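Please open your viewer and get ready to select a few residues. We will take this tour one stop at a time.

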Amino acid sequence: MIPGAEAYDVDVAVDESRIDELLAVTPDDVAPADELTFAKNVFVPLTTACRYTCTYCTYFDAPGEASLLSPEEVRDIVRRGADAGCTEALFTFGDDPDDRYTRIHDQLDSWGHDSIHSYLREVCELALDVGLLPHSNPGDQTREQMERVADVNASMGVMLETTADVDAHAGRRVKNPGQRLNTIRTAGELGVPFTTGILVGIGEEWRDRAESLLAIREMHERYGHVQEVIVQNVVPNERSSFERPSVETMRRVVAMARACLPEEVSVQVPPNLSPTRELLDCGVDDLGGVSPVTDDHINPDYAWPALQQLEDIAGSAGVPLRERLPVYERFLTDDRWVSERIRAAVTADDEAGARYREVRRE
Ligand code: SF4
């Protein structure tokens, strides 16, 4: 039983024989992709407050030190992103600031918001106003929280990371795989195109990696909402000394992801963290969001490669590099998946609409 699954009434039962089958997959069993995709995004670290204290994480700040971007700061960042030709505003969070973050709650209150999700809605609107499509990663979400912001997001996401109980999720409050799966299920129920992924090297076993991928696949088979699965390796940083997984490990995990997931679900690796070139023949077909204007605030020690470097990566695999939107095309052509608001933005007869059409090659 996946830890926390019962508490969140998540009925994902991964068959042991399917885990064994997946563990037998090697890079020789999968085909390389015939193109690589990426999105141009602007990174908006809305708040660094987080109720959790994962040991591999440099993103969160303690109560009293955590930041919360003001509407003016958000407006400035998204404006710069739009001016630089981005299509995506990537809103990153810690996970639900808890009661210890009184300063954050007081600040939100003074801006007229009773919760971080209420504020997220406002800043998503700011992004839409300048012609960017919001993609928010606010950690675990209840149905009520997700409903509050679903119609102003083109897509959303949360990393499953792992179905295992690992020591890296340390502290008094710890991430719960059942809760993460519940968030992924809620997105499916609400028809939200979704990004998730696994984190490799935080103390999980090989069987856990296979189980995590199979759990994601099961969620996608139920709802059809998973657009991409990130296979991310942990990296050493100033808070932790996790060993970076070997290239061989990452090659095998990426191949397992490709073999496990349906063809329409992309397998993504982050080019600033992973040995990307050595993974390209293992089924990677997406390089995620790349920002021409902001740092990767989750992993600030690891600078984003320039777009030229992405071209070089694709060139080394002998495949074209194609820009995409933060919501995959199949969701835009099916009324069930994006709100009227997002559809209107994507098809608008204005400068931003023209930019979206250019990316969609219309
Ligand atoms: S990894 Fe995410 S949930 Fe964990 S401490 Fe960092 S921001 Fe919070």
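Here is a walk from the ligand to aromatic rings and then to a pair of helices. This is a predicted model, with residues numbered from 1 along each chain as its sequence is written, local features needing pLDDT of at least 70, side-chain atom pairs counting only at pLDDT 80 or more, and totals for chains, interfaces and linings using all residues. Side-chain values use heavy atoms, leaving out hydrogens and water.

**Stop one: the ligand.** Select the ligand and the residues around it, including Cys-50, Tyr-56, Gly-94 and Lys-175; each has a heavy atom within 4 Å of the ligand. This shell has seven nonpolar, one polar and one charged residues (Ala, Val, Leu, Ile, Met, Phe, Trp, Tyr, Cys and Pro count as nonpolar, Asp, Glu, Lys and Arg as charged, the others, Gly among them, as polar).

**Stop two: aromatic rings.** Keep Tyr-56 and add Phe-242: they form an edge-to-face pair, 6.4 Å centre to centre with 70° between the planes (ring centres within 6.5 Å make a pair, with planes over 60 degrees apart for edge-to-face, under 30 for stacked and the rest tilted). The two residues are 186 residues apart in the chain. Is Tyr-56 buried or exposed? Tyr-56 is buried, at 10% relative accessible area, while Phe-242 is partly exposed at 21% (buried is under 20%, exposed over 50%, partly exposed in between, with a 1.4 Å probe and protein chains only).

**Stop three: two helices.** Now select H2 (residues 71–83) and H4 (residues 116–130), which pack at an angle of about 30° with their axes 9 Å apart (axes are lines fitted to C-alpha atoms over the stretch in contact, and angles run from 0 to 180 degrees between N-to-C directions; helices are DSSP runs of H or I, at least four residues, numbered from the N terminus). Among the residues in contact (heavy atoms within 4.5 Å) are Val-74 and Val-78 of H2 and Tyr-119 and Leu-126 of H4.

How values were computed:
Rings of Phe, Tyr and Trp (its six-membered ring) pair if their centres lie within 6.5 Å; planes under 30 degrees apart count as stacked, over 60 as edge-to-face and the rest as tilted.
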